[in-house]
Each structure stands twice: as C-alpha cells, then as structure tokens.
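Visitor: I should like to learn how to read the features of a structural model. May we work through one together?

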Amino acid sequence: MKVTVVGAGAVGASCAEYIAIKNFASEVVLLDIKEGFAEGKAMDLMQTASLNGFDTKITGVTNDYSKTAGSDVCVITSGIPRKPGMTREELIGINAGIVKTVSSSLIEHSPNTIIIVVSNPMDTMTYLVHKTTDLPKNRVIGMGGALDSARFKYRLAEALGAPISDVDGMVIGGHSDKGMVPLINKAARNSVKVSEFLSEERMEQIVQDTKVGGATLTGLLGTSAWYAPGAAVSAMVQAIACDTKKIFPCSALLDGEFGLSDLSIGVPCVLGVNGIEKIVEISLSDAEKAKLAESAEGVKKTNGLLEL
C-alpha cells in the first residue's frame, strides 16, 4: 500500500504521521512545492520510527510527481488554510486552481488511485475533481464529514461526562459552518439516545458548537486545525487500505441519493478497497431532510463560483 499526501504543511504532515504510526502502509510520499520542506518533514518523521514502532517508509519530495507513481490512495491537502474570520468558501479562487493541477498530476502517474480531498471549500473541491478528471465517482472522496463527526462526538462526550468510546454520532451535509447537519436525534451513548440524558437546550448547544468547531479552533490557533483533520484522513485511508467496510460520512457525488444530484456533499458511506463501496441512504426526519436540502443549496451556490 502506497499513499501520497500532497501538501506538507500541518495537516499534511499530521496525515503522514498518523498513517505511518498505524503501520498499515508500506510507503507514504509527502509532496510539497516548497524546496526541501517535504524532505525535512519526512526525515523528522522517519527519525520517530524506532521510537513509535512503525516500519512505514516516509519519503519527501519537492514537486516531483513521478515519485508518487503507483499510489493506491492520494490525499490532497494543498492550498491556503483559513485565517480567523475567513469562511471556507472564501478560499475557492486560489484553491480551485491548485486542486485542479494537483489532481491531474497525481492521476497522470497513478491512474488507478483513490483521491481523498481535504482542501477547502472541501465539498466544492471534491466536486471539482469529479468534473475535471475521468475517475469514477467511488474513487473521489471528500474528508469533511469524518472530521465534523469526530468534533460532534467530542462535544457529546463533554456534555454527557462520558468516555468518547461510549458515544456515537454523525454529521452529514456540507462541510461549512452553516451547512453541517449534526444528527443529534440519532446520537447515542452506548445505544441509549442522548435525549435520555440531555435537555433540548443542551442538545441544541452541542449542535451549534459542532457547526463552528473549525472556526473556534481557527480563532484560538490563528490558522486551521491539523491534528483532528490528519486523524480523520488516516482513519479513512486505513478503511480503504484494509478494506474494513467502515461507515464514514464523506463528501460523495450524488446521483439521486437523498433526492439530490450533481453535487458532492456529506452522506454516510461504506469505505473499502474500492473507495466508496456504498452510499447508505439512512432515514431522516422531515426537519433533517429540510436541513440537508438547505445545505445542498449552499454547496451548489459555492459550486457555481467554479470556472468549469
């Protein structure tokens, strides 16, 4: 299993680190346009191998896509990150050009690869890869829902005073502050719905805190978060590499599922060796359907800014 991560910044380096530590890949290639940057990150990470007990080889390269040849999975993290006060949508002008160039370069050397898109605005960048490449829809996946759901579970565990392993919850919809749809009425603590433990007001607070989870961290850090995004990507890559058939909410290209078409948006997906093995059409309440439809309109509006 060979994995390429494009962009050796904080998110990309965290992806590479978590993938290596899990020890399921034979090689991780870290690529960046800044001279020597990926090489330095790779060397630093490789010097942790004996300490962290992994055998994955991490290679750093400067803008040489030939070194990515034969990658089973490619992760695109490149582009500018958010700064305080910025929305993900404001990044579209610069990041669209970067993602388009990167995806075509990756496919040139790894025509059978599966691409995971992290760059923001993530749903629109995922849609862009679909529209500008010949990859089948199961092999282009947006990361956002896995991250948003992890943040949702963190807030649920915090409110419940429970260990995070006891909590289950999912966020669907667009990967944006307004577009996320945390499925609070389906969230559970060890199969018991959280409504058995929490008031309506507390549950609504969890929903709102989840939706601004990224913006909260951007305000605190002065830039986008990296540990949780890196961990979300590594979990998805592991599900593909090890063919686990785990369900993650991912940005997938829809063709009638959930009554939506011609957009990529977060929905539950079974991930395996073929990428998106199945889109799971879970039952939604009328309120959840309305929120998802509203989120889809927001994503389509952002998609309209693309120059396809």
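**Salt bridges and a small sheet**

Guide: The structure holds seven salt bridges. Please keep in mind that this is a predicted model.

Visitor: Which residue pairs with aspartate 64 in a salt bridge?

Guide: A salt bridge joins a side-chain nitrogen of Lys or Arg to a carboxyl oxygen of Asp or Glu, within 4 Å. Here the partner of aspartate 64 is lysine 67, with a separation of 3.6 Å from N to O.

Visitor: Are these two side chains buried or exposed?

Guide: Partly exposed is the class between 20% and 50% relative accessible area. Aspartate 64 has 26% and therefore belongs to that class. Lysine 67 has 45%, so it is likewise counted as partly exposed.

Visitor: Where in the chain do the partners lysine 131 and aspartate 262 lie?

Guide: Their salt bridge has its closest N and O atoms 3.2 Å apart. Lysine 131 belongs to helix α5, residues 122-132, whereas aspartate 262 belongs to strand β13, residues 261-272. The two are 131 residues apart, so this pair links distant parts of the chain.

Visitor: What is the accessibility of lysine 131 and of aspartate 262?

Guide: Lysine 131 is partly exposed at 45% relative accessibility. Aspartate 262 is also partly exposed, with a relative accessible area of 39%.

Visitor: Which residue forms a salt bridge with lysine 137, and where do the two partners lie?

Guide: The partner is glutamate 257, and the closest N and O atoms are 3.6 Å apart. Lysine 137 sits in the loop between α5 and β6 (140-142). Glutamate 257 sits in the loop between β12 (246-255) and β13. This pair, too, links distant parts of the chain, at 120 residues apart.

Visitor: Why does glutamate 257 count as buried?

Guide: The class of buried residues lies under 20% relative accessible area. Glutamate 257 has 15% and therefore counts as buried. Its partner lysine 137, at 33%, is partly exposed.

Visitor: Turning to the sheet, what is the order of its three strands?

Guide: In an open sheet, one looks for the strands that pair on one side only. The order here is β7-β10-β11, with antiparallel pairing. The edge strands are β7 (167-168) and β11 (192-193), each of which pairs on one side only.

Visitor: How many bridges join β7 and β10, and which residue is the bridge partner of aspartate 168?

Guide: β7 and β10 (residues 188-189) pair in the antiparallel sense over two bridges. The bridge partner of aspartate 168 is alanine 188, in β10.

How values were computed
Residues are numbered from 1 along each chain as its sequence is written. This is a predicted model: local features need pLDDT of at least 70, side-chain atom pairs count only at pLDDT 80 or more; totals for chains, interfaces and linings use all residues. Side-chain values use heavy atoms; hydrogens and water are left out. Two strands pair if DSSP finds at least two bridges between them. Helices (H or I, at least four residues) and strands (E, at least two) are DSSP runs, numbered from the N terminus. Buried means under 20% relative accessible area, exposed over 50%, partly exposed in between (1.4 Å probe, protein chains only).
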